[in-house]
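Please work through the exercises below with the sequence and coordinates at hand. Each task is followed by a worked solution.

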Amino acid sequence: MVKAVVFDVDNTLVDFLKMKNAAVDAAIEAMVDAGLDIDTDKARESIFKIYDEKGIEFQQVFDEFLVKALGKVDHRILANGILAYRRAREGVLVAYPHVNMALMELVRMGMKLGIVSDAPKLQAWMRLCSLGIDNFFDTVVTFDDTGKKKPAPEPFEKALELLKVKPREAVMVGDWAERDIFGAREIGMYTVFARYGDSFGTKQSNADLEIDDIMELVPFVERLNAQGKTPDV
Ligand SMILES: [Mg+2]
């Protein structure tokens, strides 16, 4: 019997890449406007290279970018960049289509809902609250809660413990095959690959189900429970 559905946040509930791209572009435009002399394509490349090295949540990305571009941090340019980034981020932080509807329907079916995110605690909560979906979740496990990132078992196990369900009573939904799907499978959860959030061109997710719309979760959970594939324990 499936009793809980656990979600990744970025690129599963939130269109994170869309937000990141738009916010970075706005920051570059503002820094150029403030006097930075740089080709915008080169700037974008340099910034995302820093994200690749330091992690996509790296907070000093523009400081480091300016050191590379100018040999120092110009604080007027930096401030303009950060402000533009923040303004753009608020405007483009959106949930994927039907997220609200799917969460509502799962709750109506009696599912407990959880989050397992590798994002820092505050960033994860900011995104959930900004979308107005924070109240749907019984538990939110972030990187800060276990100090481990997916696919390590700890974040998944922590969420299941807090939700008071066993692995075979829970479905994990995520966009990153090597982390969300592999990690959840390893501990025995059902897995659903959010194909709509895939930015890696994943060929084989190894998930129990691949979805192009989050609403597909509803019949999947119904089917699992109707088939009695998941024995009550
Ligand atoms: Mg993700």
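The exercises that follow concern backbone geometry, burial and contacts in a predicted model.

**Exercise 1.** Determine the configuration of the peptide bond from Lys150 to Pro151, and locate Pro151 among the secondary-structure elements.

*Solution.* Step 1: omega for the bond from Lys150 to Pro151 is near 10 degrees, and the bond is cis. Step 2: Pro151 belongs to the loop between α7 (143-146) and α8 (153-163).

**Exercise 2.** Is Asn11 buried or exposed, and what is the sign of its phi angle?

*Solution.* Step 1: Asn11 is placed in the loop connecting β1 (4-7) and α1 (16-33). Step 2: its phi is near 70 degrees, a positive value in a residue other than glycine. Step 3: the cut-off for a buried residue is 20 or more other C-beta atoms within 10 Å; Asn11 has 22 and is therefore buried.

**Exercise 3.** Carry out the corresponding analysis for His98, starting from its phi angle.

*Solution.* Step 1: His98 sits in the loop between α4 (75-92) and α5 (99-108). Step 2: phi of His98 is near 70 degrees, again positive in a non-glycine residue. Step 3: because His98 has 16 C-beta neighbours inside 10 Å, it is classed as partly exposed.

**Exercise 4.** Describe the surroundings of Gly183, and state which residues it contacts beyond four places in sequence.

*Solution.* Step 1: Gly183 is part of helix α9 (residues 177-186). Step 2: Gly183 is buried because 25 other C-beta atoms lie within 10 Å. Step 3: its contacts beyond four places in sequence are Lys150, Pro151, Ala152, Pro153 and Phe156. Step 4: Gly183 and Ser199, 16 residues apart in sequence, have a C-alpha to C-alpha separation of 19 Å.

Notes: Residues are numbered from 1 along each chain as its sequence is written. This is a predicted model: local features need pLDDT of at least 70, side-chain atom pairs count only at pLDDT 80 or more; totals for chains, interfaces and linings use all residues. Helices (H or I, at least four residues) and strands (E, at least two) are DSSP runs, numbered from the N terminus. A residue is buried if 20 or more other C-beta atoms lie within 10 Å of its own, exposed if 12 or fewer, and partly exposed in between; C-beta atoms are placed from the backbone. Two residues are in contact if their C-beta atoms, placed from the backbone, lie within 7 Å.
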